[in-house]
Amino acid sequence: MKRKREGMEKFSEIKSAIQLLSPERTEGQVSTTLFLNVCSLLLQVLDKIGPTLAVLRQDIHQNVRKVEKLYETDRTAYSNLIEIVKKEVGEGIAKNTQSCTRAILWLTRSLEFTISLLEKVTEDPDRNLQEVVEESYGTTLKLWHGWISYAAYKVALKLIPNNKTFISLLVADGEDYKMLKEDVKSFVTLLLPILTDIHAILTTYGVHKLKSP
């Protein structure tokens with residue numbers, strides 16, 4: 001599914017995400033297209049760190065594609081994430097390793113990792129980026145990773161660039177660090193309620209604690 005963000009090309013990924021998230025939302029309802037668009041912007045943010053987080057990036061891309069493929073079979077029926085989860089729970093496949101439900105869960109966790117990363121990066125631009133990534137990983141993804149996933153992460157951690165380089169790549173043309181910090185704050189404020197709604201859906205259907213190998 002090709003998703004065009006018309007008029008957004010001049011903005012940073014974070015500003016683009018803010019534009020996507022700004023329209024009024026319905027509590028407990030999470031648009032599938034909105035969720036996928038935000039996840040795609042997440043990939044662009046991770047790309048700026050370079051090949052370091054390639055494993056995480058690949059997982060996110062694969063999970064986006066899983067949800068996209070189901071959504072494209074019936075855009076009306078699966079316009080909301082809750083309908084996807086409900087379908088798979090009803091079929092008894094929600095906990096399968098290749099399910100869309102599991103993909104939604106891991107994409108949500110990846111967004112939480114990104115929120116933590118961006119908040120810590122903009123709180124102190126002089127902090128070592130490796131420490132920031134490790135701390136963010138420890139409070140989000142690590143809780144659900146098995147030893148195989150954790151080992152892959154530890155190898156990747158050694159290749160992370162410095163913080164100032166990462167920040168310079170996040171800042172859009174004509175902007176500065178202060179503006180980036182405000183953008184991150186707005187992004188987090190808009191995204192957190194959506195992640196809360198997703199967790200509520202996953203918890204309702206008992207699929208919120210799935211782990212990786």
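This briefing describes the fold of the chain, the setting of helix α4, the packing of α1 on α9, and the surroundings of Y78. The model is predicted. The chain holds nine helices and zero strands, and 46% of its 213 residues are buried.

**Overall architecture**

- Read along the sequence, the pattern of elements is α-α-α-α-α-α-α-α-α.
- Among contacts in the chain with a separation of 6 or more, 74% are between residues 24 or more positions apart.
- The exposed area of the chain is about 10,800 Å², of which carbon and sulfur atoms supply 52%.

**Helix α4 and its cover**

- Helix α4 spans residues 81–91, and its buried residues are L81, I82, I84, V85 and E88.
- These buried residues lie on the same side of α4, because they cover an arc of only 160° around the axis.
- An α-helix has 3.6 residues a turn, so residues three or four places apart point the same way.
- The cover over the buried residues of α4 includes α2 (32–47) and α3 (54–73), together with α5 (100–123) and α9 (177–204).
- At the start of α4, the backbone nitrogen of I82 has a side-chain oxygen of N80 within 3.0 Å.
- Just after α4, the residue G92 adopts a positive phi of about 75°.

**Packing of α1 against α9**

- Helix α1 comprises residues 13–21, and its axis comes within 9 Å of that of α9, with a crossing angle of roughly 40°.
- The crossing of α1 past α9 is left-handed.
- On the α1 side, the residues that meet α9 are I14, K15, A17, I18 and L21.
- Their counterparts in α9 are L180, D183, V184, S186, F187, L190, L191 and I194.
- Helix α9 thus appears in two settings: it meets residues of α1, and it is included in the cover over the buried residues of α4.

**Y78 in the loop between α3 and α4**

- Residue Y78 is located in the loop between α3 and α4.
- Y78 counts as buried because its relative accessibility is 13%, and buried means under 20%.
- Leaving aside residues up to four places away in sequence, Y78 touches T32, L70, Y71, T73, E83, I84 and K87.
- One of these contacts of Y78 is I84, which is itself among the buried residues of α4.
- Y78 and E68 are 10 residues apart along the chain, and their C-alpha atoms are separated by 9.8 Å.

Technical notes: Residues are numbered from 1 along each chain as its sequence is written. This is a predicted model: local features need pLDDT of at least 70, side-chain atom pairs count only at pLDDT 80 or more; totals for chains, interfaces and linings use all residues. Side-chain values use heavy atoms; hydrogens and water are left out. Helices (H or I, at least four residues) and strands (E, at least two) are DSSP runs, numbered from the N terminus. Buried means under 20% relative accessible area, exposed over 50%, partly exposed in between (1.4 Å probe, protein chains only). Contact means heavy atoms within 4.5 Å. Accessible areas come from the Shrake-Rupley method with a 1.4 Å probe; for residues, only the protein chains shown count as cover. The arc is that of the directions from the helix axis to the C-beta atoms. A polar contact is a pair of N or O atoms within 3.5 Å; within protein, one must be able to donate a hydrogen and the other to accept it, and residues adjacent in sequence count only if both atoms are side-chain atoms. Axes are lines fitted to C-alpha atoms, for helices over the stretch in contact, and angles run from 0 to 180 degrees between N-to-C directions. A crossing is left-handed if the near helix is turned anticlockwise from the far one by less than a right angle, and right-handed if clockwise.
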